[in-house]
Amino acid sequence: MSPIRTEALEARTAAAGMSGALRVLAGPAGPGPEPLEAHLHRLGDLPVLGSHLIEVTARARLRGRGGAGFPTSKKLAAVAAAASWGRSPVVIGNGSESEPLSSKDELLLRRRPHLVLDGLELAARAVASSEIYLVVSQSYPEALRAVRQALKERSRERLGDPVRLLSGRPGFVSGEETALISRIEGRGGRPRARPPLVVERGLGGHPTLVQNVETLAQLALLARFGPEWYAEAGTPDEPGTTLVTLAGAVARPGVFETAFGTPLKALLDAGGADTSSRALLVGGYFGGWLSTGALGGRGYSRSELAELDVSPGAGVLMVLSGSACGLRAGATAVRWLAQQSSRQCGPCTFGLPAIANALLQLSEPGRTDDDALERVRRWCSDVEGRGACHHPDGAVRLARSTLRVFSEELGRHRDGSCVAEAAPDPGMATARSAP
Amino acid sequence: MSKERLVIDPTACRGHGLCAELLPELVRLDDWGYPIIDKGPVPPALIGRARRAVHICPTLALALRPTVGAEVPGSGREQLPSGP
C-alpha cells in the first residue's frame with residue numbers, strides 16, 4: 001500500500017461516501033442533482049492543478065469513457081502542445097450519449113452535474129483554455145435542467161470559467177467528435193474526414209479537447225484523491241471504476257459502477273440476467289457479441305474482453321434473451337446503423353443498407369444461402385475504412401461479430417429452423433426510444 | 001524524391017468514376033461505383049496519370065499526399081480515434 005494512503009485520505013474518502021467501487025455514483029440517492037454546497041461539503045474544494053493534471057492522469061492511466069478508451073493524458077498533452085503554438089484551445093464535454101443502449105451519461109449529468117463541471121474546469125485549466133462547451137443530448141430535459149441549475153450555482157459562487165451549454169442533435173453519429181464540433185459551429189453536425197485531428201485543429205480551427213462526461217467525472221475525483229487512491233479499485237493494468245449500463249433481458253436494468261476486472265458473470269448475476277441467455281452485446285451498437293459460454297471467469301476489462309474480440313466501448317452490456325435469435329438481433333441492429341448514416345460517403349450510404357439487407361435475409365430461416373454470406377463478407381471488406389468517420393467500421397464490426405458468434409444459428413437457419421421458434425423477439429428494447 | 005499516395009475525401013466523392021477509368025492499376029470501383037484506392041505509394045510510372053486523375057475529378061475529392069515514414073499523421077486509428 002502506498003505511503004500516500006494516510007488516515008486523512010481515509011477520512012476524506014469515507015466522508016465522500018465512497019467505498020469499494022462506489023465512486024462517481026457515491027453521494028445522495030434520489031433522482032435530482034446534488035447541489036453545489038452539498039457537493040463541495042462532501043468532496044472538498046476543487047484543487048487547482050493546472051497542467052499538473054496531465055501527469056496525474058498519466059499516473060492513474062485514466063482512459064476515456066466515451067467508447068474509444070483513449071489515454072486521457074495523451075489527449076490532454078496533445079491539445080496543450082498544439083496550444084503552445086499560440087492558438088487558444090477549446091474544451092468540449094460530450095454528453096451526447098448517442099449509443100441508444102447507454103444511459104450512464106444521462107444519470108451523471110442529472111444527478112452529479114458538479115462532478116462533470118469540475119472535470120471540465122480541471123481539463124480547461126490543464127490545457128489553458130477559457131472556451132468551454134458542454135453538449136447534452138436534447139432528449140435529456142432533466143439533465144439539461146440539472147446542468148443549467150448547476151451552472152447558475154457555480155456562477156453565483158464565481159466558481160470556474162463560464163461554460164456554454166448546448167443541446168445535442170439526435171442521431172447516432174451526432175456525438176462523434178467532428179460532428180459535435182460542426183454542430184457547435186452552427187453547421188450541419190456531420191462528421192468530417194481527418195486529417196487534421198481535432199486536437200490540432202477542431203472548433204473554429206483551434207486545438208480542441210473532446211471528453212466524455214464520465215471521463216470528466218472521474219477527473220473530478222482523481223484530482224482530489226490522487227492516482228494512488230484511483231488505483232485502489234480495478235486491476236494493476238486497468239485501475240479505477242467505470243459505469244456500465246445493463247440492458248436487455250435482465251431483471252434489474254440500469255446503470256451501475258464497477259471496478260475494472262469484476263467478473264462478468266458477477267455483473268450479470270447482480271443484474272438478474274436471463275440465465276438462458278447465450279449471448280451478450282458488449283459496447284452496444286458500436287460493439288460486438290460475446291457468447292456467454294465463452295465467458296469463463298473473465299473480468300470486465302479491456303484486456304480480458306479483447307481475448308474475445310470485444311471492447312467495453314461506452315460501457316453497455318446488453319443481454320440477449322435466450323428465446324431470441326441472435327442473427328435477427330444483429331441484423332436489426334445493423335439495419336438501424338445503416339439508417340443512422342449521415343449519408344456523406346458512398347460506401348457507408350450504400351454499403352451499410354446492402355450489408356443489413358443481406359444479414360436480414362440470412363436471419364430468416366430457410367433463406368440462408370452461401371451467396372448472401374459471400375456478399376456480406378465482400379461488402380464488409382469493401383466498406384471498412386472508407387468513410388470519413390468510423391461509423392461504417394462499427395457497422396462492419398457488428399455484422400462480422402453477428403456472423404461469427406451466431407455461426408451455429410446460421411447452420412440451423414440453413415436447415416430451416418431457428419432457436420426463436422416463436423415470432424423472433426430481438427430483445428433489444430430499451431427504456432429509451434428504441435431504434 | 002519523396003513518395004506520394006493517392007488519398008480521397010469520401011465526403012466529396014460522388015462516384016463519377018473518372019479516377020478508375022484513368023488509373024485502373026490503382027483504383028477499382030466498389031459495387032456502388034465508389035473508388036477503392038490502393039493505399040501504397042504511387043509507382044513513379046503512374047505519377048503522371050495520378051496527377052491527371054486528381055485534376056479531372058469533378059468534385060476535387062482526390063489528392064496526392066506525401067507519405068511520411070510508416071504512416072501519415074492523423075490517418076491512423078492508432079492515433080486518436082473518435083467514437084460515436
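**Exercise 1. Backbone outliers in phi**

In which loop of chain A is A:R343 found? Locate this residue in the predicted model, then do likewise for A:R61.

Solution. Step 1: A:R343 is found in the loop between α12 (326-339) and α13 (346-362) of chain A. Step 2: its phi is positive, about 60°, although A:R343 is not a glycine. Step 3: A:R61 lies in the loop between α3 (52-60) and α4 (72-83) of chain A, and its phi is near 55°. Step 4: with a relative accessible area of 43%, A:R61 falls between the limits of 20% and 50%, so it is partly exposed. Step 5, for context: most residues other than glycine have a negative phi.

**Exercise 2. Peptide bonds**

Determine which peptide bonds lead into A:P195 and A:P196, cis or trans.

Solution. Step 1: the bond joining A:R194 and A:P195 has omega of about 10° and is cis. Step 2: the bond from A:P195 to A:P196 has omega near 0° and is cis. Step 3: A:P195 sits in the loop between α8 (177-184) and β4 (208-212) of chain A, and A:P196 is placed in the loop between α8 and β4. Step 4, for context: most peptide bonds are trans.

**Exercise 3. Strand β2 and its partners**

Establish the pairing of β2(A) with β1 and β3, and state how far β2 is covered.

Solution. Step 1: β1 (residues 90-95) pairs with β2(A) in the parallel sense over 6 bridges; within this pairing, A:G93 has A:L134 as its bridge partner. Step 2: β2(A) is also joined to β3 (residues 163-168) by 6 bridges, again parallel, and A:V136 stands opposite A:S167. Step 3: of the 7 residues of β2 (residues 131-137), 6 are buried.

**Exercise 4. The surroundings of A:S401**

Is A:S401 buried or exposed, and which residues does it contact beyond its sequence neighbours?

Solution. Step 1: A:S401 belongs to helix α15 (residues 391-405) of chain A. Step 2: its relative accessibility is 3%, under the 20% limit, so A:S401 counts as buried. Step 3: leaving aside neighbours within four places in sequence, A:S401 is in contact with A:G288, A:W289 and A:F406.

**Exercise 5. The chain as a whole**

Decide whether chain A is as compact as a globular protein of its length.

Solution. Step 1: chain A holds 16 helices and 9 strands. Step 2: its radius of gyration is 22 Å, close to the 22 Å from the globule rule for 435 residues, so chain A is as compact as a globular protein of that length. Step 3: buried residues make up 57% of the chain.

Technical notes. Residues are numbered from 1 along each chain as its sequence is written. Chains are lettered from A and ligands numbered from 1 in the order in which they are written. This is a predicted model: local features need pLDDT of at least 70, side-chain atom pairs count only at pLDDT 80 or more; totals for chains, interfaces and linings use all residues. Side-chain values use heavy atoms; hydrogens and water are left out. Helices (H or I, at least four residues) and strands (E, at least two) are DSSP runs, numbered from the N terminus. The radius of gyration is taken over C-alpha atoms; the globule rule is 2.2 Å times the number of residues to the power 0.38. Buried means under 20% relative accessible area, exposed over 50%, partly exposed in between (1.4 Å probe, protein chains only). Contact means heavy atoms within 4.5 Å. Two strands pair if DSSP finds at least two bridges between them.
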